[in-house]
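Subject: Structure for your review

Dear colleague,

Please find the structure below, together with its sequence. A short account of what was found in it follows.

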Amino acid sequence: MRNWKSFETRDFRGRFESYFGKLCLSVLFAVVAFAASAQDKAVSGTVIDETGEPVIGATVMVKGTKIGTATDIDGRYSLNTPPR
């Protein structure tokens, strides 16, 4: 005859390990998703005037922040925007 107490303990332990593993995997996924959404985004472009000529030294700012840069000799700029 089997010892039912050892069978119940083994069954509980297996279920606990299964749920614990799933919980750890879920928490890891949530942390990775949060970290990925909090990354800066790179923005770049070229500033030109009405005639199509590049604007040298134009200031490009991220609205609502103090983040900005100036265009180079070809009117190009590149900056990183903060996460929303």
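I begin with the helix. In this predicted model, Phe-20 sits in helix H1, which spans residues 4-37. Its relative accessibility is 47%, so Phe-20 is classed as partly exposed. Together with Leu-23 and Val-27, Phe-20 makes up a nonpolar patch on the surface, and the three residues share about 300 Å² of accessible area.

As to the overall architecture, the protein chain contains one helix and four strands. Their order along the sequence is α-β-β-β-β. The protein chain has 84 residues, of which 10% count as buried. Its exposed area is about 7400 Å², and 61% of that area comes from carbon and sulfur atoms. Of the contacts between residues at least 6 apart in sequence, 38% link residues at least 24 apart.

A second region of interest is the loop that runs between strand S3 (68-70) and strand S4 (76-81), where Thr-71 is located. Is Thr-71 buried or exposed? Thr-71 counts as buried because its relative accessibility is 7%, and the limit for that class is under 20%. The side chain of Thr-71 comes to 2.9 Å from the backbone nitrogen of Gly-57. Setting aside neighbours within four places in sequence, the residues in contact with Thr-71 include Val-47, Val-55, Ile-56, Gly-57, Ala-58 and Val-60. Arg-76 and Tyr-77 are also among the contacts of Thr-71.

Arg-76 leads to the charged pairs. Side chains of opposite charge can pair when their charged atoms come close. The structure has two salt bridges. In one of them, Arg-76 is paired with Asp-72, with 3.6 Å between the closest N and O atoms. Arg-76 also meets Asp-74 in a salt bridge, with an N to O distance of 3.2 Å. Through shared partners, these salt bridges connect Asp-72, Asp-74 and Arg-76 in one network.

How accessible are the members of this network? Arg-76 has a relative accessible area of 45% and is therefore partly exposed. Asp-74, at 38% relative accessibility, is partly exposed, and Asp-72, at 29%, is likewise classed as partly exposed.

When you view the model, I would suggest starting with the patch that includes Phe-20, and then turning to Thr-71 in its loop and to the network of Asp-72, Asp-74 and Arg-76.

With kind regards

Methods
Residues are numbered from 1 along each chain as its sequence is written. This is a predicted model: local features need pLDDT of at least 70, side-chain atom pairs count only at pLDDT 80 or more; totals for chains, interfaces and linings use all residues. Side-chain values use heavy atoms; hydrogens and water are left out. Patches are made of residues with over 30% relative accessible area and no salt bridge: like charges are joined within 9 Å, nonpolar side chains (Val, Leu, Ile, Met, Phe, Trp, Tyr) within 5 Å. Accessible areas come from the Shrake-Rupley method with a 1.4 Å probe; for residues, only the protein chains shown count as cover. A salt bridge is a side-chain nitrogen of Lys or Arg within 4 Å of a carboxyl oxygen of Asp or Glu. Helices (H or I, at least four residues) and strands (E, at least two) are DSSP runs, numbered from the N terminus. Buried means under 20% relative accessible area, exposed over 50%, partly exposed in between (1.4 Å probe, protein chains only). A polar contact is a pair of N or O atoms within 3.5 Å; within protein, one must be able to donate a hydrogen and the other to accept it, and residues adjacent in sequence count only if both atoms are side-chain atoms. Contact means heavy atoms within 4.5 Å.
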